[in-house]
Amino acid sequence: MNVSSLPFFVRELGYALFESKGKDQFVALTEAPAWLLDLWGPMPAPPAEINLAERSPYLENFLDEARAFWKSDGSGECRSETWVESNPAGREAPLQAIALRLQDKPVLALHSPDLVFREQVQTLQTARNALLDHERLLSEIQTKEILLHCIIHDLSQPLSVMHVALDCLSDEVMDAKHKKFVELGKNASERQESMIREVLQIFSADLRATLDAEKGAASSPNLRKSADAVITSLGPAFEAKQVRLVLTASQNADKNWLVRGEESRLRRIFSNLLENALRYSPAGSSVSIALEDDGEFCQANVDDQGPGLPPDLRPSQIFGLFSKGKQGSGKAGLGMYFCRITVERWGGSIGCASLPEKGARFWFRLPHAAAAPAEQNKHAAHELTTPATPPEIPHIEGPLRILLAEDQDEIRMLTTHQLERNGHEVVAVSNGQEALDAARASQFDVILLDEQMPIVGGVEAAHKIRRESVDATKRPYLIALTGNNTDEDHQRLRSEGFDFVLGKPFRLSALTDLFQRSTPSGQPNLPAAPATRNTEHPGGFPAMLERVGGDAKLLRQMIRTFLKDTRKRMSSLQRQIRRKNSPEVAALAHAILGSSAIFGASEASKLAKQIQALGREAAFSQAEKVYELLKEEIANLERNLRGYVGHNRLSSDSGTARKARRVAPKGSR
């Protein structure tokens with residue numbers, strides 16, 4: 001290339017070169033490109049000098065760095081950040097300056113990285129949009145989890161009341177007409193429970209992938225790091241309102257702050273509590289986070305200097321759905337409710353109180369995660385006392401002394417009534433702390449603990465009861481009452497120290513069977529699990545009919561629904577396996593699993609569960625092989641069910657249904 005054409009070439013590339021003549025004076029080495037003429041107008045031709053610092057205030061600041069670079073012995077270049085300037089018409093252009101040495105001369109290159117700049121802006125915008133999408137997704141997941149919790153607990157709780165109340169009525173002396181009315185009520189509650197379970201299957205399959213992240217010590221979040229991250233994220237909002245946000249300086253970052261839970265949800269709990277504190281904090285005040293470690297649990301306190309809690313709301317109401325005081329200030333929504341159900345699901349507890357002088361404290365407690373070996377050793381004694389199989393209730397002459405902890409008034413009253421009616425001595429309390437106080441004050445044979453209770457949850461209460469029981473042979477028998485009814489949930493509660501798990505809505509017949517003490521050896525007959533959980537086949541029509549409370553019409557409807565829906569689900573499952581659609585494969589397999597389990601088809605349920613797991617792992621070739629086995633099992637189940645439906649249209653077995661009700665244990669359906 002001819003040397004004389006080099007300046008033209010540089011200009012066409014969009015660069016303008018200037019040689020430094022000292023201070024802020026420069027001489028142009030090339031003709032000005034179009035973008036520079038549009039921005040600064042005509043440039044003086046050499047050897048005339050130009051003061052670039054007067055042309056651009058930002059460039060004036062960069063020239064100090066450029067002069068230091070030219071005086072140094074370093075090689076390479078000194079590049080400025082990109083800045084934006086406007087021409088006389090107001091059109092903006094991005095600029096960047098580069099300090100160089102060319103043939104030992106100090107040279108400044110200016111160019112407009114318009115394309116690069118726009119790509120950077122697009123990247124930042126894309127990242128911002130992705131962050132907003134992520135926030136919307138988290139919000140949607142939070143809403144779904146709240147809805148799922150409402151189905152499990154807020155709908156199953158009144159259903160439990162219906163079951164227990166009808167059980168109590170069925171034991172009363174009444175004529176045939178009134179017994180028929182009670183039977184109708186039982187059948188209606190059974191149908192209601194069946195519908196709730198179907199809705200649960202849909203939502204639980206949709207959320208299973210996100211909930212699986214909570215399992216295992218590897219995913220245990222760090223309470224301190226989560227608090228730091230949320231403080232950084234919400235810092236600008238607090239600054240805008242002139243409220244100080246601090247993490248108490250005495251907190252030791254080197255401590256083991258690993259807790260049970262999942263990182264994104266833990267941060268959302270902190271965010272919800274801090275946003276609530278900011279809403280009520282006046283300008284010039286402060287909000288602080290303090291962390292405490294009592295060995296087995298970690299506690300986080302969020303303190304503000306606002307007006308304190310509304311006088312018309314109890315702390316338990318504040319964490320309810322759409323809670324709002326009579327004063328009408330603040331926002332009614334789902335945030336506090338999400339905090340409560342999430343903390344309680346992780347085995348913790350949450351609460352709030354007004355501070356003595358001014359302000360309010362919102363706190364939550366979570367169990368330490370057993371992630372570190374040191375932590376595992378610390379609780380080794382506790383873990384060794386957890387039996388591999390459920391022990392039997394000690395044989396005691398006379399009635400059992402039972403402690404019942406249940407925060408739902410109706411369930412507590414009816415369960416107490418029925419247990420006392422069966423001859424047991426019952427002490428009933430409404431939360432975990434009252435259960436701990438009662439267990440410390442008196443000796444009990446059996447303690448029933450609701451998993452999710454205010455003040456102290458069932459899991460925390462179970463931990464403390466086991467730890468405080470010096471003699472393991474005299475320890476009370478611990479039973480968990482829970483609305484989380486999956487096998488994983490039952491196993492989780494067993495590993496937390498419970499001897500037995502009863503799912504909600506529970507039936508009094510389950511407790512009656514559990515406490516029955518009429519075996520030949522004089523020892524109680526304690527089942528390790530409900531009898532229908534591990535059946536290898538449907539067990540015949542009488543077994544299925546008894547499972548639905550003797551309602552032949554309901555059973556016929558369930559079978560027809562199964563026959564209609566399962567064929568479509570199996571076809572869809574095969575199609576989604578071939579399409580390699582992981583979420584759909586897992587969801588469809590989960591639905592088939594649940595519907596097969598209703599009829600006691602354990603082999604079909606086991607195969608469906610395998611496909612569900614293979615779908616999540618994207619192991620489609622293996623899933624296709626298991627599908628063929630499942631297809632055969634479902635075909636066998638369908639043939640049996642069609643036979644039951646067609647056998648005199650179920651009418652010839654009505655006597656069997658009556659017999660099943662007569663020989664069933666007291667209070668069963």
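Two strands are said to pair if DSSP finds at least two bridges between them. The legends below describe a predicted model.

**Figure 1. Leu 404 and its bridge partner in the parallel sheet.** Leu 404 has Leu 448 of strand E15 as its bridge partner. Strand E13, residues 401-405, and strand E15, residues 446-450, pair in the parallel sense, and four bridges connect them. These strands belong to an open sheet of five strands with parallel pairing, in the order E14-E13-E15-E16-E17. Strand E14 (425-429) and strand E17 (500-503) are the edge strands, each pairing on one side only. On average, neighbouring strands of this sheet are turned by 20° against each other, direction ignored.

**Figure 2. Helices H15 and H16 on the parallel sheet.** Helix H15, residues 458-468, packs on the sheet and touches E15 and strand E16 (477-482). The direction of H15 makes about 150° with that of E15. Helix H16, residues 487-495, lies across E16 and E17 and runs at about 145° to E17.

**Figure 3. The mixed sheet and its edges.** This open sheet consists of five strands in the order E8-E9-E10-E12-E11, and its pairing is mixed. Strand E8 (244-247) and strand E11 (349-354) stand at the edges; each has a single partner strand, so one side of each is left without a neighbour in the sheet. Neighbouring strands here are turned by 15° against each other on average, direction ignored. E11 and strand E12 (residues 360-367) run antiparallel and are joined by six bridges. Ala 353 has Arg 361 of E12 as its bridge partner.

**Figure 4. Helices H7 and H8 on the mixed sheet.** Helix H7, residues 223-240, lies across E8, strand E9 (286-293), strand E10 (297-303) and E12, and runs at about 170° to E8. H8 also packs on the sheet, touching E8, E9, E10 and E12. The direction of H8 makes about 170° with that of E12.

**Figure 5. The contact of helices H8 and H10.** Helix H8 (residues 263-280) packs with helix H10 (residues 335-345) at an angle of about 140°, their axes lying 9 Å apart. The crossing of these helices is left-handed. Residues of H8 in the contact include Arg 265, Ile 269 and Leu 273, while those of H10 include Met 336, Phe 338 and Val 343. The residues of this contact divide into six nonpolar, four polar and three charged.

**Figure 6. The protein as the setting for these views.** The protein contains 23 helices and 17 strands. Of its 669 residues, 48% count as buried. The protein exposes about 33,300 Å², of which carbon and sulfur atoms supply 54%.

Technical notes: Residues are numbered from 1 along each chain as its sequence is written. This is a predicted model: local features need pLDDT of at least 70, side-chain atom pairs count only at pLDDT 80 or more; totals for chains, interfaces and linings use all residues. Side-chain values use heavy atoms; hydrogens and water are left out. Helices (H or I, at least four residues) and strands (E, at least two) are DSSP runs, numbered from the N terminus. Axes are lines fitted to C-alpha atoms, for helices over the stretch in contact, and angles run from 0 to 180 degrees between N-to-C directions. Contact means heavy atoms within 4.5 Å. Buried means under 20% relative accessible area, exposed over 50%, partly exposed in between (1.4 Å probe, protein chains only). Accessible areas come from the Shrake-Rupley method with a 1.4 Å probe; for residues, only the protein chains shown count as cover. A crossing is left-handed if the near helix is turned anticlockwise from the far one by less than a right angle, and right-handed if clockwise. Ala, Val, Leu, Ile, Met, Phe, Trp, Tyr, Cys and Pro count as nonpolar, Asp, Glu, Lys and Arg as charged, and the others, Gly among them, as polar.
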